[in-house]
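The following note is offered to a colleague who has the sequence and the coordinates at hand. The points are arranged by region.

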Amino acid sequence: MWWKNSVVYQIYPRSFQDSDLSGLQYDGIGDIPGIISRLNEIKELGADIIWLSPVYKSPDADNGYDISDYYSINPKFGTMADMEKLFAEAKKLGIKIIMDLVINHTSDEHEWFKKSRDKESPYRDYYIWQQGKTGRRGKRKPPNNWTGFFTGGAWEYDERSGEYYLHLFDKKQPDLNYKNPKVIEEVKNILRFWLDKGASGFRCDVINIIYKTSLKDGKRSLTVQGLEHFKSQEGNHEVLRELRRDVLDKYDCFTVGETVFVGLEDAKLLCNEDRGELNMIFFFDHLEVDRVVAQFIPKKFRARRLLEVIAKWQRGLDWNAVYLENHDQPRVVSHFGAAKENLFSKITKNSRQAEIEKEYWQRSAKMLALFVLTLRGTPFIYQGQEIGMTNFDYESFDDLDDVVSRGLNRLMKKIFIPKPLRWKWIKASSRDNARTPMQWDDSEHAGFSKVKPWLGVNGNYKTINYESQKNNGNSILNFYKKLIALRKTSKCLIHGEFIPVYADNKIIIYQRKHENDNLTTALNFSPKAAKIPKKYNSLFTGIQLISASGESLHKNAAIITLPPWDGMLIKSNIN
Ligand code: TEU
């Protein structure tokens, strides 16, 4: 299973590289020829699979996660010929590509949905249409009390047919009806089409909520209401098995499912090779250790909690999809690393303070690289993570683009949450944090484009950019390269068992074991040096393979301390 030895690099095409190649003009939006022009950088990093966020035709209500034609390319990104060239050029470099499969919903501008608005159309049953209820004083009410993932209700009334349609995300993203076998056949055709073009698999968007067993009212809930009627339903498992049996198993490919509100028991079923559903899943638990109510409200970070959650999943599933960032999440160095607050802010600092910040930004980004690359599973690195890109530095709501951030702001305003607090929460959680243009160099627009980008470039691009790290042996980028290379040659890092060792509020220690090999990872998630309990000294007696600070461990000291934000990997002598 080649995908077990691989490292995946996620590209969010809109923000990766704009170009004027292949008949395109610079327009501030990344494109496929731009990706082709950067394949060497991905190869040099050591990644051998690309996950491409959606490039299909779309009105972009949710930046491509609202597809209006699964068989054509968004003209902003290029043409089908460009896409074919991307497959071919990537292949030459030994890089495989997996596509984003968004099949819970389509765009409301998809032909199926347009036709489905007509009650008599054979496409009516492609979506979930229901009559409304009559509320007080004869007022029209939605068919049930479900709420969506993007804040607000999950039903939209359609004047033309006098009924409501279900949309668990934006109202421009109507949910498909998986009780209709024709929908499943359409999905099979989409899969075949892209596999025949050269795709090596799929990242499957919100794949554990596609089947709605009943449309009864949901239990009252602060998050998504109605979940018990559509999360990980038996019908959902059946659809996945059918897609696998009839299509996926006939190709050399793999799937990684994005699974929302997923529990370990569900996940075991979804990833069980004998059942044949998905190959691995993305869960969110580890990114939510310092958040309440899904992801919006922060709470204190404790390293101990992080290890508990990671250990549960590492030991609970045979194979994990391992990640710390994607296009929906804040940058990890701003989330779990040293760049939590004010880093590189415009407020004048004394030079000593600024130096420490810079040092710690870099070191913590490396420490987090060690984390994601020494766990058991297929690692996914998100564009910009390899150079330690940080959350955006915007100062106003007007700079935001994301449909979720805007919706959330409206909702919080309605319940009178004061503006500074709204801004603080949204700033820390907004999906736009991950979507600022890739910082390639220190030229205007960070080398991403020659014209103003669709979303503002982070002001720190002069300090944080690819070019400046490329030839710096000490950079985050080169740390990623070294570590990926190390991982590729280490059976222990790929196949070794995961064993949690120790954690407190600052540090975590775990081991990977394979035959006679024994690797220990120790990570410090705090700006203070941390003592390692004496009991574990023996684990640190071997060879230090790599460390985030570059400092070597004083192995013979009676007390071993881990410098602030440091992380290290040790080949231990003992078993
Ligand atoms: O995301 C699913 C999802 O529900 C969350 O990760 C979502 O971003 C979060 O709850 C809101 O902050 C997937 C895609 O990754 C995301 O980009 C899409 O917007 C969404 O599905 C709908 O297709």
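1. Phe261 is partly exposed, its relative accessible area being 32%. This value lies between the limits of 20% for a buried residue and 50% for an exposed one, and Phe261 is therefore placed in the intermediate class. The residue belongs to the loop that joins β12 (254-258) to α7 (264-270). Although Phe261 is not a glycine, its phi is positive, at about 50°.

2. Thr151 may be read alongside that case. Here too the residue is not a glycine, and Thr151 has a positive phi of about 65°. Thr151 sits in the loop between β8 (140-141) and β9 (155-158). With a relative accessible area of 29%, Thr151 is partly exposed.

3. A word on confidence is in order, since the model is predicted. The mean pLDDT of the protein is 95, and 97% of the residues reach 70 or more. Among the elements, strand β1 (residues 8-11) has the highest mean pLDDT, 99. The lowest mean, 78, belongs to strand β15 (residues 297-298).

4. The ligand site deserves inspection. There are 18 residues around the ligand, and those that come nearest are Asp62, Asp205, His327, Asp328 and Arg431. By class, the shell is made up of eight nonpolar, three polar and seven charged residues.

5. Which side chains place a polar atom close to an oxygen atom of the ligand? For Asp328 the separation is 2.5 Å. A polar side-chain atom of Arg431 is found 2.8 Å from a ligand oxygen, and for an N or O atom in the side chain of Asp205 the distance to an oxygen atom of the ligand is 2.8 Å. On its own the ligand has 490 Å² of accessible area, of which the protein covers 96%.

6. The loop between β17 (378-382) and α11 (403-414) contains Asp393. Asp393 is partly exposed, with a relative accessible area of 24%; this exceeds the 20% under which a residue would count as buried, so the intermediate label applies. The side chain of Asp393 reaches the backbone nitrogen of Gly459 at 2.8 Å. Asp393 and Asn433 are 40 residues apart along the chain, and their C-alpha atoms are separated by 8.8 Å.

7. Ile387 also lies in the loop between β17 and α11. Is Ile387 buried or exposed? Its relative accessible area is 0%, so Ile387 counts as buried. Leaving aside neighbours within four places in sequence, Ile387 is in contact with residues including Trp361, Met438, Gln439, Tyr466, Ile476 and Leu477. Ile464 is another of these contacts; it stands 77 residues from Ile387 along the chain, with a C-alpha separation of 7.0 Å.

8. Helix α12 (residues 419-429) has the buried residues Arg422, Trp423, Trp425, Ile426 and Ser429. Their cover includes β15 and α11. Confidence should be kept in view for this packing, as β15 is the element with the lowest mean pLDDT.

9. Finally, His237 is located in helix α6 (residues 234-246). Its relative accessibility of 3% is under the 20% limit, and for that reason His237 is classed as buried. Not counting residues up to four places away in sequence, His237 touches Ser232, Asp266, Leu269, Leu270, Arg275 and Glu277.

Note on methods: Residues are numbered from 1 along each chain as its sequence is written. This is a predicted model: local features need pLDDT of at least 70, side-chain atom pairs count only at pLDDT 80 or more; totals for chains, interfaces and linings use all residues. Side-chain values use heavy atoms; hydrogens and water are left out. A residue is near a molecule or strand if one of its heavy atoms lies within 4 Å of it. A polar contact is a pair of N or O atoms within 3.5 Å; within protein, one must be able to donate a hydrogen and the other to accept it, and residues adjacent in sequence count only if both atoms are side-chain atoms. Accessible areas come from the Shrake-Rupley method with a 1.4 Å probe; for residues, only the protein chains shown count as cover. Ala, Val, Leu, Ile, Met, Phe, Trp, Tyr, Cys and Pro count as nonpolar, Asp, Glu, Lys and Arg as charged, and the others, Gly among them, as polar. Helices (H or I, at least four residues) and strands (E, at least two) are DSSP runs, numbered from the N terminus. Buried means under 20% relative accessible area, exposed over 50%, partly exposed in between (1.4 Å probe, protein chains only). pLDDT is the predictor's confidence in each residue, from 0 to 100. Contact means heavy atoms within 4.5 Å.
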